[in-house]
Structure formats: structure tokens, C-alpha cells
Amino acid sequence: FCRHISVQRLDADTGSAMSSDVVPKADVAGEVYDRKRVLYSFLGAIAAAVLTGTGPIWIRVSSIGEISTAMYRFLIAIPFLAILHICDEPFEDKYRDTRITPQEWRMIIITLVCIGFGQGIAIILSYFGTNMTSVALASILVQTSIFWAPLFAIWVFRERFGLFWVVGLVLTLAGLLLVLVGDDFSTLLSGFSTDDITGLIGDGLSLASGIVFAMNLIAFKYLRRYLRVGPALFWPTAISALMCFCGALAAGETFIANSWQGWLVLFANSVLVQVIGGILYVLSVKHCPAGLFALTAVVSTIVSVFLAWILFKETMSLPQLVGVAVCLVGLFFAQVRAADIGVKTNCFCFWKKQTNPYGRMD
């Protein structure tokens, strides 16, 4: 995967770019994000995170299980996304009149399938992990995706991050910890007990869920180089519905809501989270650096906490309010120089850079 999307090299003698028939079309040397597009995509990612933050509320009021609710979230969205897929052009502008190579087709299909399986697996892992360890610790481990995604972006897209982004990441992680835990750290520490094997397994499942969510973000960003929103969202959604169906069967959950209000909850969850929120998510990920995009996931947590406070009269402590403020300050710092995040040929990578006469990375 990393080899396929290697950056374009400059000819050592002439200083000119290698021809497009040698270098993969999706890669541009020294690519720098456009500041205005980054800002709009960042706002779109925040809007998607706000809608995603309503997901736990719909799950809580749903009359069926958590994985079954997620299954209907994907299943009900399929007709809407199918219409978008049919009405929209399947490929991005520069690939409509250009033949896509068999290698690129193979990577597109593999990425679509992996995203679909990844979404379903992440939800299933999160469900079982939450039931095997403390809720606070499981939530924090799942949210570590905001840490893993930038690492994957450095490795895969060779993105580089400045001091403002690092400060923003640290503040966001600190604020997230306060929001999820508040002033009751005993619930967090209880999940670290080494005497409870079940709790350790739950911690591992929750952490794996966060890693899979981060990998899905990177895969979506790669996929948007070729495909537009319709096909990039439709096929993974269909596969995720099948994965959640299998997970709900394994968990022994029911599939039938007990009233029309229950079906209305499932419909609203699907339209708001998967259709509108999913479209905003996939639309924004193309022009926003992966490291910055990942940080917007904390907005979902903030929205969930606030809605639970308003609707279910749950207590919200002063440390949680401080955590919300710290998260927002962190997001502000992270986006200050976001447009400067680009491809840098001498940045740190996890593999040795070697070139061959064809300009590809070995």
C-alpha cells in the first residue's frame, strides 16, 4: 500500500518531474494543502463529528442492542447512498478521461473492502471491549485513534507536522481525558487491574478498535484520490451492514424494534449519522490533512457528553467543562498552520528511501 502511493521524484539531472506514465498519477512531489480548502474541510469535519456525536444518544434510546442499532444505521442508509452513487460521477475529475491501471483498480477494490470490514470490526470490538472493562477507560482507548491516525499519515502520506499541531494534539488529548473521566479517576484506574484478565482483554479490544478507526481514516483519504463521495461511501456501508449483522448474531441481540418509535429512532440515527454525517466526513477528508482531521473526533465525544447532560440529566463536573475548553483550544492550535502540512522528501519515515531509474520509492 505504501509502495503504491510513493511520492513523485524529481529527475536528478534536469530537475524536471518524471513523466506521468512512469510515476503514479495520484502522487505529486511537494504537495501542499490549499489553506482555504483546508479550512472548509476542517469545518466540514467538525460538522460531521457533531452529527456522529448524536450516535451514542440514539443507541441509548434504541429498543434493540448496540450492534443491531449500528447494523440498521448502515442498512437504512444504503438506498440513500445508492441514489447518490447512481447520480454522481464515480471518479474524480482527473480520472474521468484517463485510463486507470489494473494495479490502481486492484488497490481501489481492496481499499473499499477493507474500509467496509474495518468499520464493522471496529464497532464490534468497541462493543465487546466496553462490556469487558470500565466504560471510561474503554472510551479513552477507542479515542486513541486521534493519536494513531497522524502516525499512519506520516508513514503512508509522509505528512509533516509543525509545533502548533503538536501543541494542539497534546491539549486535545488532555482535554479528552478530562471530558471522559471528570473528577472520578477511580473508574479509570479500575480498568488497569492486572488481576482481571477479562478487563485486560477488554482494554486490548478497545485499543484495537481505535487503531482500526485510524486506519479507516487513512484508507478513506487514499480512496478519495480516485473516487467521489457516492461510490466511496456506498460500498463500505453495504459491507459494514453485513459485518454488524454477523456481530449482532454473535452477541445474541434482537433485530426487531418493539414500537414505531423504535423504528423512528433507527431511521433518524441512520440519516443523521451515516447519510449526512458520512457524506460530510468523506467529502471533507480529501482536502484536510489526516492528522488534523483525526483531531475532530473529540468533537463527537463533547457533543455526546453535552447531549447526555441535557437529555438524561447526567451530571457534568467542572473538570469536564474545563476539558471541553482545553479540547477547543487544542483544535484551534492544530489548525493554525494546517495548510503547511505537506509532502517533504526528507521527513522521517518508517522505511529506507531508495530510488530506482523509474522514479519510484523502493
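How many disulfides does a search of the whole structure find? The search finds 0 disulfides. The legends below describe a predicted model.

**Figure 1. Overview of the protein and two of its cysteines.** The predicted model contains 15 helices and 0 strands. Of its 362 residues, 50% count as buried. Among contacts with a separation of 6 or more, 87% are made by residues that lie 24 or more positions apart. Two cysteines illustrate opposite surroundings. C87 counts as exposed, because its relative accessibility is 66% and the cut-off for exposed is over 50%. C327, by contrast, is buried, with a relative accessible area of 1%. Neither takes part in a disulfide, because the search of the whole structure finds 0 of them.

**Figure 2. Packing of helix 6 against helix 10.** Helix 6 covers residues 135-142 and helix 10 covers residues 197-223. Their axes come within 7 Å and cross at roughly 30°. Angles under 35 degrees count as roughly parallel, and helix 6 and helix 10 are therefore roughly parallel to each other. The crossing of these two helices is right-handed. On the side of helix 6, the contact is formed by L137, A138, L141 and V142. These residues meet D203, S206, L207, S209, G210 and F213 of helix 10. Sorted by class, the contact of helix 6 with helix 10 has 6 nonpolar, 3 polar and 1 charged residues.

**Figure 3. Packing of helix 3 against helix 11.** This view shows helix 3, residues 66-87, together with helix 11, residues 229-251. The two helices pack at an angle of about 155°, and their axes are 8 Å apart. Helix 3 is therefore roughly antiparallel to helix 11, since angles over 145 degrees are placed in that class. The crossing in which helix 3 passes helix 11 is left-handed. The contact of helix 3 with helix 11 has 21 nonpolar and 6 polar residues, and no charged residues.

**Figure 4. Packing of helix 8 against helix 14.** Helix 8 spans residues 163-181, and helix 14 spans residues 297-311. An angle of about 25° separates their directions, and their axes are 11 Å apart. Helix 8 and helix 14 are therefore roughly parallel to each other. Helix 8 passes helix 14 in a left-handed crossing. From helix 8, the contact involves T172, L176, V179 and L180. From helix 14, V298, T301 and V305 take part. The residues of the contact of helix 8 with helix 14 divide into 5 nonpolar and 2 polar, with no charged residue.

**Figure 5. Surroundings of A153 in helix 7.** A153 lies in helix 7, which comprises residues 145-156. With a relative accessible area of 0%, A153 is buried, because buried means under 20%. Apart from residues up to four places away in sequence, A153 touches R158, E159, F161, I218 and A290. One of these residues, I218, is 65 residues from A153 in sequence. In space, A153 and I218 are 6.8 Å apart from C-alpha to C-alpha.

**Figure 6. Surroundings of N216 in helix 10.** N216 is found in helix 10, the helix that also packs against helix 6. The relative accessible area of N216 is 7%, and this residue is buried. When residues up to four places away in sequence are not counted, N216 touches C114, I115, G118 and Q119.

**Figure 7. Position of I110 in helix 5.** I110 belongs to helix 5, residues 102-132. At 42% relative accessibility, I110 counts as partly exposed. The view also includes A219, which is 109 residues from I110 in sequence. The distance between I110 and A219, C-alpha to C-alpha, is 9.9 Å.

**Figure 8. Surroundings of I279 in helix 12.** The place of I279 is in helix 12, formed by residues 260-284. I279 is partly exposed, with a relative accessible area of 26%. Leaving aside neighbours within four places in sequence, I279 is in contact with L81, L84, V229, L233 and Q274. One of these contact partners, L84, is 195 residues from I279 in sequence. The C-alpha atoms of I279 and L84 are 9.8 Å apart in space.

Technical notes
Residues numbered from 1 in each chain as written. Predicted model: local features only at pLDDT ≥ 70, side-chain atom pairs only at ≥ 80, totals over all residues. Heavy atoms only, no water. Axes fitted to C-alpha atoms, helices over the stretch in contact; angles between N-to-C directions. Helix = DSSP H or I, 4+ residues; strand = E, 2+ residues; numbered from the N terminus. Parallel < 35°, antiparallel > 145°, perpendicular 65-115°, else oblique. Left-handed = near helix turned anticlockwise from the far one by under 90°. Contact = heavy atoms within 4.5 Å. Nonpolar A, V, L, I, M, F, W, Y, C, P; charged D, E, K, R; others polar. Disulfide = S-S within 2.5 Å. Buried < 20%, exposed > 50% of the residue type's maximum accessible area, 1.4 Å probe, protein only.
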